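This report describes a single protein chain, with attention to its aromatic pairs, one buried residue, a strand hairpin, a cavity and a loop. The sequence and structure are shown first.

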Amino acid sequence: MSNKLAKQQTKTLATAPILDLEADSKLGQEQMSQKDFAIPNLTILQDLSPQTKKQRPEFIKGAEVGQICDPVAGEIFDGEKGIIIIPVHYRRAHIEWKPNRGGFVKDHGLDETMLNRCVRTDDGKNVLPGGNIINTTAEYFVLLVKDGVTSPYVLRMSGSQLKKSRRWNTMINQLRVPSKDGGTFNPAMFYRTYLLASVPESNDKGSWMGWKISPDKNVLELEGGANIYVAAREFHKQIKDGLVVAQAPTDHDGGTTTPEDDSAAM
């Protein structure tokens, strides 16, 4: 190295600013609120899921049918082993889709009046006069627990999975824990964790991967459980206050991935 080049490098190092990246945390995000973020969806990968197709831009390396997927982050979870989640809030929604996997149109929320305009087809679809489809959908805001850290997601069930949703809701509603007066009470939805795995299912209309839902530990039994419970309670409050926005559904997370053999109003 020449003396000239060495002097230039020494000068550059000597005048380089000292950066404190941690002190700059969140700069540029000052005007962002909870409403500026969309909670991502959790879905089970199916035969037609683009995450499993190398030629599709949504492709995720290593993605396979039956895995549980966060399509936004490109993260996949072992569907057979399952994931631990905490349900925080439930909503029944009526979601409008274009036919033939044409995409999401509108979330009509609790309003089910459009079902009165639908024709029920032989394959169980509720079809509007213009051809769009209305799917009754069970929507859950959940916290995924992994290595002691929680992450918020939205999980949707429709079609053949509505039976699973009803059973899950029954489990939640019938849970009883001891009260201070010696009786029992039904705790908050986020009192218990659940193991969600994927299982193969089929009927005379086809085959698909569906949810298997099993009750798991009390949240307070988790490491740092008290803090996780408080975080779940705060997440629930944000949802009720309208401060949390769910990512719009795709036709791969509860729209048309399973035969619509059970899409009647819940």
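## Aromatic pairs

At 29% relative accessibility, Phe-104 counts as partly exposed, because that class lies between buried (under 20% relative accessible area) and exposed (over 50%), computed with a 1.4 Å probe on protein chains only. The model is predicted, so local features need pLDDT of at least 70 and side-chain atom pairs count only at pLDDT 80 or more, while totals for chains, interfaces and linings use all residues. Residues are numbered from 1 along each chain as its sequence is written, and side-chain values use heavy atoms, with hydrogens and water left out.

A search of the whole structure yields six aromatic pairs. The rings of Phe, Tyr and Trp (its six-membered ring) pair if their centres lie within 6.5 Å; planes under 30 degrees apart are stacked, over 60 edge-to-face, and the rest tilted. One of the pairs joins Trp-97 and Phe-104, edge-to-face at 6.0 Å centre to centre with 75 degrees between the planes. Trp-97 is buried, since its relative accessible area is 2%. Phe-141 and Phe-235 form another edge-to-face pair, at 6.2 Å centre to centre and 80 degrees between the planes. This pair links distant parts of the chain, with Phe-141 in strand β9 and Phe-235 in helix α3 (residues 225–240), 94 residues apart. Phe-141 is buried at a relative accessible area of 5%, and Phe-235 is buried at 7%. Ring pairs also link Tyr-90, Tyr-140, Trp-168 and Tyr-194 into a cluster.

## Overall composition

The protein chain has four helices and 15 strands; these are DSSP runs numbered from the N terminus, helices being H or I of at least four residues and strands E of at least two. Of its 266 residues, 41% are buried. Among contacts (heavy atoms within 4.5 Å) between residues at least 6 apart in sequence, 61% join residues at least 24 apart.

## Surroundings of His-89

His-89 belongs to strand β5 (residues 83–98). With a relative accessibility of 16%, His-89 counts as buried. Leaving aside neighbours within four places in sequence, its contacts are Glu-139, Tyr-140, Phe-141, Met-189, His-236, Ile-239 and Lys-240.

## Hairpin and cavity

Strands β13 (residues 192–203) and β14 (residues 206–218) run antiparallel and are joined by 11 bridges; two strands pair if DSSP finds at least two bridges between them. A hairpin connects β13 to β14 through two residues. Tyr-194 has Pro-215 in β14 as its bridge partner.

Tyr-194 also helps to line the second largest cavity, together with Ile-172, Leu-175, Asn-186, Pro-187, Ala-188, Met-189 and Arg-192. A cavity is a set of points on a 1 Å grid over the protein atoms alone where a 1.4 Å probe fits but cannot get out, and lining residues have an atom within 4 Å of a point. The whole structure contains two cavities of 30 Å³ or more, and the second largest has a volume of about 30 Å³. The lining of the second largest cavity comprises six nonpolar, one polar and one charged residues.

## The loop at Asp-147

Asp-147 is in the loop between β9 (133–146) and β10 (149–158). Although not a glycine, Asp-147 has a positive phi of about 55 degrees. Most residues other than glycine have a negative phi. Asp-147 counts as exposed because its relative accessibility is 72%.

Key: 1 Å grid on protein atoms, 1.4 Å probe; cavity = no way out; pocket = protein on both sides within 12 Å on 5 of 7 lines; lining within 4 Å. Points joined across faces, edges and corners; volume = space filled by probe spheres on them. Nonpolar A, V, L, I, M, F, W, Y, C, P; charged D, E, K, R; others polar.
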